[in-house]
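Open the model in your viewer and keep the selection tool at hand. This tour goes stop by stop.

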Amino acid sequence: MAMASRKPRDREMLFDSVIALVFILVACVDLCDGATVVDVYRLIQYDMSGVPFGSRLASLNHHAASLHFSPHADLSRTVLLIPLRELNMSFVREYIAESKPLGGLIFLLPRMFSFENKDGKESTHQDGSKELLKNVLGELEQILIHTNLPYPVYFAFEDDNIDAVLTDIKKNDVTGQPATATTGGYKFVVSAPEPKKVVSPPITNIQGWLSGLKTDDDAHQLPTIAIVASYDTFGAAPALSVGSDSNGSGIVALLEVARLFSLLYSNPKTRGQYNLLFGLTSGGPYNYNGTRKWLRSFDQRLRESIDYAICLDSIGAWENELWIHVSKPPENAFIKKIVEDFSSVAEELGFTVNLKHKKINISNPRVAWEHEQFSRLRVTAATLSELSTAPDLLEKTGGLVDGRHFVNEAAIVRSVKLIAESLARHIYGHQGKNIQIFADNSNLAVNPSYVRSWLDVLSLTPRVAPFFSKDDPFVMALKKELEDHTDEVNLHRDVLDGMFTFYDSTRAKLNIYQVASVTFDLLLLLVLGSYLIVLFSFLVITTRGLDDLISLFRRPPSRKVKTA
């Protein structure tokens, strides 16, 4: 009786041991498949006047290949991993122009383009081709944002892990065997929901005042000078569009000018008889949408009090010359005065300021510069920029190539000094006089540390306005900074309207799996099965005997039903 009860127990223990062994072996096999997780940034998805542009999908689940793929390979279910250093622009144009099928694209950018790499140092590569890579990336960006791509497109940055993966992928491609379910290789997976439209994208304009000093016999409203800079950006990857030069440099200059004049205006003896209006505007890349709405919120009296507005745009990457862009004829009295003030100060500082006149086409709603929104409302205005010609729509708006290491702090400091001294000469009537109010080593000197700290902050902050929240921390930080230097700081909130529609899902995690081939899996299954059969047979023979093993494979005798 004891023997009979022990047999089922032994069989049960034997069965449990075999099942546990199977699970352990399967777990070991699964752990052998290496996995790497990489931060990736999706190509922008938007509609312009109802026409779709950018990447239309976000999720990804395909095998990977490099540019060394076979000429006859079917890439409809393949993700191409392309380093910027090896990019062939003719290949990109061919695949995009001919709408060839692709599973997806991932562009691998050098670390120098990472907004976290403010010094421009390379982690694994060192070369002297920064400008060449910048030009290639700039051209690529313009192609991508003006094309409808029916597959996921992402950007990632070089690092040791993904470089090792790329090396393996290249080796596989050179053999002429692309990664498939049968040959193995690497599989790229991005799990992301379907992108959704951004509903009512907010735009927030920030304004602050420094009130001028009224005399007892001065009953009329004081004249106003407006200093304006657009703070948001647009680029191929919204999560990477920090715009250190365009228009981070303009923001930094405006904040420093506000700080300098707050020192002057804090003392009644040095307060000028001009109001100073500081405006940080949103919607700049989208035809200066926020600037137009902000100006239309002014009452007629305020608009008429503005002597002129000076708009700051991309003033952080120049060497010997800047440009003043105007809409009114150079013979206009206010324009003449602006140009004379800026030119004389620039000459004393050792560089040149040139004048560029461009008429406004009233029938065309598109504006080239921010000051043109002022000019359309008959307010004298000009734009100070390092750019000699106006960029096209969605061009030079703080994209992938506009990083911290391409900006010259000294250029911003010189720009601030030019702006501050020129405004002071106008306000205090020092035209034509070589008087430096903001002289170096004085209490009113430009502070390079202040410029550097804000430039660092801006170079770490993507600022694509449609993806800002209503009370975005960055907008609140700008508001607080203006409050420290000006009075009556207000927010003007509105909604971005017009021709643009944006979609969310701007960043994700890329999971990279090393996949074994089916042949390997079948061989492994055969070896594992043979091993388990031999192990099972050995355990049965040693514990129960050969007869019991043979009896397992015999058909049990049929039981005859006893009848009464």
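Here is what to select, and what is there.

This is a predicted model, in which local features need pLDDT of at least 70 and side-chain atom pairs count only at pLDDT 80 or more, while totals for chains, interfaces and linings use all residues. Residues are numbered from 1 along each chain as its sequence is written, and side-chain values use heavy atoms, with hydrogens and water left out.

**The whole protein**

Start with a cartoon view. The protein has 14 helices and 19 strands. Helices (H or I, at least four residues) and strands (E, at least two) are DSSP runs, numbered from the N terminus. Of the 564 residues, 51% are buried. Buried means under 20% relative accessible area, with a 1.4 Å probe and protein chains only. Among contacts with a separation of 6 or more, 82% join residues 24 or more positions apart. A contact means heavy atoms within 4.5 Å.

**Stop 1: Arg42**

Select Arg42, in strand 1 (residues 35-42). Which side chain of opposite charge is nearest to Arg42? That is Asp504, 5.6 Å away; Arg42 is buried yet has no salt bridge. Arg and Lys count as positive, Asp and Glu as negative; His and the chain ends are not counted. A salt bridge needs a side-chain nitrogen of Lys or Arg within 4 Å of a carboxyl oxygen of Asp or Glu. Now show the backbone of Asp504. Its backbone oxygen lies 2.9 Å from a polar atom of the Arg42 side chain.

**Stop 2: Ile512**

Go to strand 19 (residues 507-515) and pick Ile512. Ile512 counts as buried because its relative accessible area is 2%. Add Thr36: its C-alpha atom is 5.0 Å from that of Ile512, though 476 residues separate the two along the chain.

**Stop 3: Ile225**

Next, select Ile225 in strand 11 (residues 224-230). Is Ile225 buried or exposed? Ile225 is buried, because its relative accessibility is 0%. Leaving aside residues up to four places away in sequence, Ile225 touches several others, including Tyr274, Leu277, Tyr308 and His426. Measure to Asp307 as well: the C-alpha atoms are 5.7 Å apart, across 82 residues of chain.

**Stop 4: strands 14 and 15**

Finish with residues 321-326 (strand 14) and 352-357 (strand 15), which pair in the parallel sense over six bridges. Strands pair if DSSP finds at least two bridges between them. Ile324 stands opposite Leu355 in strand 15. From strand 14 the chain passes through helix 8 (residues 333-349) to strand 15, a right-handed β-α-β crossover. Right-handed means that, with the strands pointing away from the viewer, the path from the first strand over the helix to the second runs clockwise.

Conventions: Buried < 20%, exposed > 50% of the residue type's maximum accessible area, 1.4 Å probe, protein only. Polar contact = N/O pair within 3.5 Å; in protein donor to acceptor, adjacent residues only side chain to side chain.
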